[in-house]
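Here is a guided reading of one protein model. Keep the sequence and the coordinates side by side as you go.

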Amino acid sequence: MPGFKINGDGDGPAANVETFRTHRFSLETFLGKSGDTAPFNLLKDVDLPERVIEELQVKTPSTTYKFGKQANYTDLKLTFYIPSKLIIELEKLQDKVHNIDTGIKDFNDYVGEISIILNHEDGDVKFEFKNAWISNITYGQLSYGSSDIKSATVTIKYSWYKTT
């Protein structure tokens with residue numbers, strides 16, 4: 001069977017290979033705050049970003065050469081269940097970037113690091129987002145017709161990330 005190895009026959013990984021699971025992750029740090037204590041310990045979803053390498057083309061009369069030009073990173077999105085203190089903490093962190101009294105602040109005062117760990121029995125992988133800051137917080141809709149748990153989606157901008 002294509003893509004599978006059964007009793008040693010076929011292509012693909014051995015049947016005993018353990019893969020990462022989407023529900024095994026943890027927030028280690030969040031902009032100077034501990035990710036495993038309240039209110040940041042209720043992380044529900046993470047949309048991991050993409051690293052996209054833009055293309056540089058050099059055209060000649062006979063062919064086109066393609067090279068890597070520049071790296072761009074899409075936004076990191078974190079969705080939290082909202083405990084009582086999360087809104088206040090998120091607003092404080094976003095106020096470090098901008099508030100109505102002083103406008104945009106100096107970047108040295110608001111950039112930080114976010115670390116997310118993908119947990120695996122064979123070894124963890126850590127994503128470290130550098131020069132990170134909150135660009136957007138979406139609290140969603142309030143409704144008397146719903147009893148759903150409230151959540152907040154936080155959009156993070158950053159300069160680069162690395163994995164260890």
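What follows moves from the core to single residues, then to the salt bridges and the pocket.

The model is predicted. Keep that in mind throughout.

Start with the nonpolar core. In soluble globular proteins, nonpolar side chains tend to be buried together. Here the largest nonpolar core holds 24 residues. Phe30, Phe80, Leu90, Ile114, Ile134 and Ile156 have the most contacts inside it. Which elements each supply at least two residues of this core? They are β1 (25-30), β6, α1, β9 (112-118), β10 (125-138) and β11. The largest contribution comes from β10, with five residues.

Now take phenylalanine 80, one of the core residues with the most contacts. Set aside neighbours within four places in sequence. Phenylalanine 80 then contacts Leu27, Phe30, Phe40, Leu42, Leu43, Lys44 and Leu86, among others. Its contacts also include Lys150, Ser151, Ala152 and Val154.

Leucine 78 is the next stop. It sits in strand β6, which covers residues 76-81. Is leucine 78 buried or exposed? Its relative accessibility is 0%, so it counts as buried. Beyond residues up to four places away, leucine 78 touches Phe30, Leu43, Asp45, Val46 and Ile116, as well as Ala152, Thr153, Val154 and Ile156. Phe30 and Ile156 in that list are also among the core residues with the most contacts. For a sense of distance, compare serine 146. Leucine 78 and serine 146 are 68 residues apart along the chain, and their C-alpha atoms are separated by 23 Å.

Move to strand β11, residues 151-157, where threonine 155 is found. Threonine 155 has a relative accessible area of 8% and is therefore buried, the cut-off being under 20%. What does threonine 155 touch, not counting residues up to four places away in sequence? One part of the list is Asp75, Leu76 and Lys77. The other part is Trp133, Ile134, Ser135 and Asn136. Leu76 and Lys77 fall within the residue range of β6. Ile134 is one of the core residues with the most contacts.

Helix α1 spans residues 86-95 and includes isoleucine 87. Isoleucine 87 counts as partly exposed because its relative accessibility is 37%. It touches Ile82 and Tyr139, again leaving out residues up to four places away. Isoleucine 87 and isoleucine 137 are 50 residues apart in sequence, yet 9.4 Å apart in space, C-alpha to C-alpha.

Next come the charged pairs. How many salt bridges are there? The count comes to seven. Three of the pairs are described here.

Glutamate 28 pairs with lysine 126, and the closest N and O atoms are 2.9 Å apart. This pair links distant parts of the chain: glutamate 28 belongs to strand β1, lysine 126 to strand β10, and their positions lie 98 residues apart in the count. Glutamate 28 is partly exposed, with a relative accessible area of 32%. Lysine 126 is partly exposed too, at 23% relative accessibility.

Glutamate 89 forms a salt bridge with lysine 33, where the closest N and O atoms are 3.5 Å apart. This pair also links distant parts of the chain, with glutamate 89 in helix α1 and lysine 33 in strand β2 (residues 33-34), 56 residues apart. Glutamate 89 counts as buried, at 18% relative accessibility. Lysine 33, at 33%, counts as partly exposed.

Glutamate 113 bridges to lysine 130, with the closest N and O atoms 2.7 Å apart. Glutamate 113 lies in strand β9 and lysine 130 in strand β10, so the pair ties together parts that are 17 residues apart in sequence. Glutamate 113 is partly exposed, at 28% relative accessibility. Lysine 130 is buried, at 16%. Elsewhere, salt bridges that share partners join Lys33, Glu89 and Lys92 into one network.

Finish with the empty space. Rolling a probe the size of a water molecule over the atoms shows where empty space is left. The largest pocket has a volume of about 160 Å³. Which residues line the largest pocket? They are Gln141, Leu142, Ser143, Ser146, Ser147, Asp148, Ile149, Lys150 and Ser151. Two of the lining residues are nonpolar, five are polar and two are charged. Lys150 and Ser151 in this lining are also contacts of phenylalanine 80.

Technical notes:
Residues are numbered from 1 along each chain as its sequence is written. This is a predicted model: local features need pLDDT of at least 70, side-chain atom pairs count only at pLDDT 80 or more; totals for chains, interfaces and linings use all residues. Side-chain values use heavy atoms; hydrogens and water are left out. Helices (H or I, at least four residues) and strands (E, at least two) are DSSP runs, numbered from the N terminus. Buried means under 20% relative accessible area, exposed over 50%, partly exposed in between (1.4 Å probe, protein chains only). Contact means heavy atoms within 4.5 Å. On a 1 Å grid over the protein atoms alone, a cavity is a set of points where a 1.4 Å probe fits but cannot get out, and a pocket is an open set with protein on both sides within 12 Å along at least five of seven lines; lining residues have an atom within 4 Å of a point. Grid points are joined across faces, edges and corners, and a volume is the space filled by probe spheres set on the points. Ala, Val, Leu, Ile, Met, Phe, Trp, Tyr, Cys and Pro count as nonpolar, Asp, Glu, Lys and Arg as charged, and the others, Gly among them, as polar. A nonpolar core is a set of buried Ala, Val, Leu, Ile, Met, Phe, Trp, Tyr and Cys residues joined through side-chain atoms within 4.5 Å. A salt bridge is a side-chain nitrogen of Lys or Arg within 4 Å of a carboxyl oxygen of Asp or Glu.
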